Amino acid sequence: MNILVTGSTGYIGKRIIPILINEGHEVVCAVRDKLRVDKTYREDANITIVEADFLKPETLQNIPKDIDVAYYLIHSMSNTSKDFEKLEATCAENFEEYFSTTQVRQVIYLSGITNDRNLSKHLQSRKNVEDLLSSEGYALTIFKAGIIVGSGSSSFEIIRDLVEKLPVMIAPKWLNTKTQPLAVRDVLAFLSKAKGREELYNKSFDIFGPEILTYKEMLLKFAEIRELKRHILTVPLMTPKLSSYWLYFVTSTSYKLATSLVDSMGIEIIGNKSDINSILDVQPITYPEAVELAFEKIEQNSIVSSWKDSMVSSGRLQKSLHKYINVPTYGCFTDYKERKIVDMDQTINRIWSIGGSTGWYYGTYLWKIRGYLDLLFGGIGLRRGRTHVSKLDAGDALDFWRVIFSDREERKLLLYAEMKLPGEAWLEFKIEDGLLKQTATFRPRGLAGRLYWYSVLPFHGFIFKGMINKLVEVNDNQVVGT
């Protein structure tokens with residue numbers, strides 16, 4: 001089949017594409033920014049990449065019309081816009097209008113379980129999208145999932161942060177809300193097995209795991225699996241705002257996403273039973289099994305996708321990466337250093353392993369202090385880490401940076417700062433003529449930006465010097481530049 005995947009740089013999209021390719025299908029990836037697509041996809045003859053923004057209907061003409069099945073995986077769980085419901089509706093309307101004129105036979109939409117009478121704004125929006133995607137031009141198959149558990153999923157990472165950081169939790173009362181967690185492997189099984197199945201046309205199915213658990217029970221079971229003793233006390237005094245701050249400061253989530261999660265977590269997510277498991281021969285695994293499987297992926301450094309790499313986890317970068325790939329020079333401050341490389345492979349490996357659990361090679365405690373300060377001012381801090389210990393792709397989150405360009409063959413890595421700043425900052429590593437060239441660029445915004453640069457300049461002097469020295473392992477008598 002010719003299969004379209006929207007949201008192909010998202011958590012589910014990144015995971016379903018390899019499944020479809022392994023099954024022998026031709027896959028079209030619709031993305032807003034080609035820079036964010038994995039390089040291996042760009043080189044795969046069975047994958048076509050097109051730039052299309054579903055908020056801009058004129059760009060949809062880039063999508064081929066000979067599509068057999070389309071996956072609609074566009075969501076905005078932590079969209080910072082107050083009009084996110086309108087934006088989601090516009091995307092769905094533009095999708096339906098365009099694909100009603102194409103050859104597509106089936107559209108598969110991953111939504112959320114919406115059986116409660118009082119829905120959060122995001123769940124209500126997803127329910128509205130279901131109606132807007134309905135069309136006489138194609139058949140619509142809807143899968144409604146609750147909490148998705150898997151390596152890199154927002155739910156899994158938040159639970160992991162809470163359990164591993166807090167021996168004792170004084171938590172909001174919504175921890176007693178019931179839900180039915182579902183392993184990401186089972187979500188992918190439902191999605192991939194549904195394509196072309198005419199008995200699923202124009203039908204909707206709730207998909208969920210075999211257990212009904214409260215969020216508190218999920219935390220305690222997670223702790224048991226990790227062999228950690230944890231105690232949780234729920235109190236009725238936490239307002240939604242306090243609950244959001246609680247998640248924001250303890251976990252790696254942004255405040256906007258924390259607010260959206262709190263808005264939804266007070267609602268029971270219990271699915272309606274159907275025969276979909278037997279139709280598609282999918283038997284969902286238990287929550288403990290899903291957690292164990294997630295840690296197997298983590299330990300093998302084989303996390304395919306993470307919610308942290310989505311632009312919804314961005315601190316400030318909300319537009320195309322192309323906008324930031326050309327580092328400005330006019331009106332900017334720079335800190336440039338270069339060193340002769342002793343061991344090329346070692347230096348390249350160190351550059352592409354920077355940040356996360358590896359740290360920044362020199363003055364890491366100062367980087368941590370900067371991360372804490374960023375948190376206090378509403379930023380993202382260093383909590384996102386990195387998805388893979390040695391691999392970086394354009395669009396990936398890297399502590400409080402975003403990867404703008406990454407190419408080991410060209411020997412260039414460009415990062416854009418997403419911490420709270422009175423201006424914009426880039427950090428570039430480039431290897432040319434046997435030299436590592438490291439450039440920190442800051443474009444100040446007003447007087448505050450200039451004062452900020454001069455206030456941190458003394459720290460830059462030894463932080464950036466120490467970092468480049470560690471990257472190339474040089475001694476003082478090997479220094480080429482300043």
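The model contains an open sheet of 7 strands, arranged in the order 3-2-1-4-5-6-11 with parallel pairing; two strands count as paired if DSSP finds at least two bridges between them. Strand 3 and strand 11 (203-207) stand at the edges with a single partner strand each, so one side of each has no neighbour in the sheet. From one strand to the next, the twist averages 20°. Helices (H or I, at least four residues) and strands (E, at least two) are DSSP runs, numbered from the N terminus.

A few words on the basis of the description may help here. This is a predicted model, in which local features need pLDDT of at least 70 and side-chain atom pairs count only at pLDDT 80 or more, while totals for chains, interfaces and linings use all residues. Residues are numbered from 1 along each chain as its sequence is written, and side-chain values use heavy atoms, with hydrogens and water left out. The pLDDT is the predictor's confidence in each residue, from 0 to 100. Its average over the chain is 84, and 88% of the residues score at least 70. Over residues 476-482 the pLDDT stays under 50, and the model has 10 contacts for this stretch beyond four places in sequence; a contact means heavy atoms within 4.5 Å. Where pLDDT is low, the predicted coordinates should not be read in detail.

Taken as a whole, the chain has 15 helices and 19 strands. Of its 482 residues, 55% count as buried, where buried means under 20% relative accessible area, exposed over 50%, and partly exposed in between (1.4 Å probe, protein chains only). Among the contacts in the chain with a separation of 6 or more, 73% are between residues 24 or more positions apart.

The parallel sheet can be followed from strand 1 onwards. Strand 1 (residues 2-6) and strand 2 run parallel and are joined by 5 bridges, with leucine 4 having valine 28 of strand 2 as its bridge partner. Between these two strands the chain passes through helix 1 (residues 11-22), in a β-α-β crossover that is right-handed: with the strands pointing away from the viewer, the path from the first strand over the helix to the second runs clockwise. Strand 2 (residues 26-31) is mostly covered, with 5 of its 6 residues buried. Strand 2 also pairs with strand 3 (residues 47-51), again in the parallel sense and over 5 bridges; here valine 27 is matched with isoleucine 47 as bridge partner.

Helix 1 is itself mostly covered, since 9 of its 12 residues are buried, among them Tyr11, Ile12, Ile16 and Leu20. This helix lies across strand 1, strand 2, strand 3, strand 4 (69-72) and strand 5, running at about 165° to strand 1. Axes are lines fitted to C-alpha atoms, for helices over the stretch in contact, and angles run from 0 to 180 degrees between N-to-C directions. After helix 1 comes glycine 24, with a positive phi near 95°.

Further along the sheet, strand 5 and strand 6 (residues 139-145) run parallel and share 7 bridges, one of the matches being isoleucine 108 with threonine 141 of strand 6. Helix 4 (residues 121-133) lies across strand 4, strand 5 and strand 6, at about 165° to strand 5. Strand 5 (residues 106-112) includes glycine 112, which counts as buried because its relative accessibility is 2%. Not counting residues up to four places away in sequence, glycine 112 touches Leu123, Arg126, Glu130, Lys144 and Ala145. The C-alpha atom of glycine 112 is separated by 8.7 Å from that of isoleucine 269, 157 residues apart along the chain.

A further open sheet has 6 strands in the order 14-19-18-17-16-15, with antiparallel pairing. Its edge strands are strand 14 (333-340) and strand 15 (397-398), each of which pairs on one side only. Strand 15 is joined to strand 16 (residues 401-407) by 2 bridges in an antiparallel run, and alanine 397 stands opposite arginine 402. Helix 13 (residues 344-351) packs on this sheet, touching strand 17 (412-417), strand 18 (423-432) and strand 19 (435-444), and its direction makes about 160° with that of strand 18.

Finally, the axes of helix 14 (residues 364-376) and helix 15 (residues 446-472) come within 10 Å and cross at roughly 145°. Leu366, Trp367 and Arg370 of helix 14 make the contact with Tyr452, Phe462, Ile463, Phe464 and Met467 of helix 15.
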